[in-house]
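Got your viewer open and ready? Let's take a walk through this model, one selection at a time.

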Amino acid sequence: MNAAARTGRVERETKESTVSVELDLDGSGRVEVDTTVPFYDHMLHSLGTHAAFDLKVRARGDTHIDAHHTVEDTAIVLGQALREALGGKAGIRRFGDAWIPMDETLAHAAVDVSGRPYCVLSGEPEQYNTFTVGNNYPFVLNRHVFESLAFHAGINLHVRVMYGRDPHHITEAQYKAVARALRGAVETDPRFAETVPSTKGSL
């Protein structure tokens, strides 16, 4: 991590994918994403924009099989970059939450940048578990994305779909809710200054 800026840069290469992520928590929503999975690009663009992160993502993987490995591996690297950018977490607000409506859909996300990874995803209509959004992004991958992000970033993430009937809207509302919750959680709080917001003294 750069001491003067909260940034992270992570690369990961396996037999299934090659992924690189650059992240600046104190950005202005400048996003460049190319994973070769168009709908996932759209979601990551929304995530970076609404979190006000500067985000660069490039991924190549075995999408001739399906999108699973590329999508999940990208979420892993994004989580690692987020953890790196957070550093010692001094001065952050730590907690954040957001309600996001999108037409007929309402989603909620809550996050604790606790250092203890956990993820709860609830409310997604089960009938969409076999649906592919935009013919390239399986709806069921939402869980993999949020779980991978939470585990590798070391955050506690809860995402709820309150209601919705369009799988595109449901997915996008969740990503935007996570973005806004993260934005609130990682923002600096002048009342904490250089201290860590924890009774334990560390996160």
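Before the first click, one term: a nonpolar core is a set of buried Ala, Val, Leu, Ile, Met, Phe, Trp, Tyr and Cys residues joined through side-chain atoms within 4.5 Å. Keep in mind, too, that you're looking at a predicted model.

**Stop 1: the core**

Start by selecting Tyr40, Tyr137, Phe146 and Val178. In the largest nonpolar core, which has 56 residues, these four touch the most other members. Now colour helix α4, residues 167-186. With nine residues, α4 gives the most to this core.

Zoom in on Tyr137 next. Which residues does Tyr137 touch, leaving aside those up to four places away in sequence? Look for Val37, Phe39, Tyr40, Val71, Phe131, Thr132, Asn142, Val145, Thr171 and Tyr175. Two of those neighbours deserve another look: Phe39 and Tyr40 are linked with Tyr137 into a cluster by ring pairs.

**Stop 2: more rings**

The structure has five aromatic pairs. For one of them, select Tyr128 and Phe139. Their ring centres are 5.8 Å apart and the planes sit at 65 degrees; angles over 60 count as edge-to-face, so that is what this pair is. Tyr128 is in the loop between β7 (118-122) and β8 (132-133), while Phe139 is in the loop between β9 (137-138) and α3 (141-153). That puts the two partners 11 residues apart. Are they buried or exposed? Tyr128 counts as buried at 14% relative accessibility, and Phe139 is buried at 0%.

Then move to Phe146 and Tyr175. Here the centres are 5.2 Å apart and the planes are at 55 degrees, so this pair is tilted. Phe146 belongs to helix α3 and Tyr175 to helix α4, so the pair ties together parts 29 residues apart in sequence. Both Phe146 and Tyr175 are buried.

**Stop 3: the sheet**

Switch to cartoon view and find the open sheet: four strands in the order β5-β6-β10-β7, with mixed pairing. The edges are β5 (95-102) and β7, each pairing on one side only. From one strand to the next, the twist averages 10 degrees.

Select β5 and β6 (residues 105-112) together: they run antiparallel and are joined by eight bridges. To see one partnership, click Ala98, whose bridge partner in β6 is Ala109. At the other edge, β7 and β10 pair in the parallel sense over five bridges, and Ser122 has Arg160 in β10 as its bridge partner.

Stay on β7 and turn on its side chains. In a regular strand, side chains alternate between the two faces of the sheet. Along β7, Cys119 and Leu121 point to one face and are buried, whereas Tyr118, Val120 and Ser122 point to the other and are not.

Now bring the helices back. α3 lies across β7 and β10 (156-163), at about 160 degrees to β7. α4 lies across β5, β6, β7 and β10, at about 150 degrees to β5.

**Last stop: Val111**

Finish in strand β6, where you'll find Val111. This residue is buried, with a relative accessible area of 4%. Leaving out residues up to four places away in sequence, Val111 touches Arg94, Phe95, Gly96, Ile155, Asn156, Leu157, Ala181, Leu182 and Ala185. For one last click, draw a line from the C-alpha of Val111 to that of Phe131: the two residues are 20 apart along the chain, and these atoms are separated by 27 Å.

How values were computed:
Residues numbered from 1 in each chain as written. Predicted model: local features only at pLDDT ≥ 70, side-chain atom pairs only at ≥ 80, totals over all residues. Heavy atoms only, no water. Phe/Tyr/Trp six-rings, centres within 6.5 Å; stacked < 30°, edge-to-face > 60°. Helix = DSSP H or I, 4+ residues; strand = E, 2+ residues; numbered from the N terminus. Buried < 20%, exposed > 50% of the residue type's maximum accessible area, 1.4 Å probe, protein only. Pairing = 2+ DSSP bridges. Axes fitted to C-alpha atoms, helices over the stretch in contact; angles between N-to-C directions. Contact = heavy atoms within 4.5 Å.
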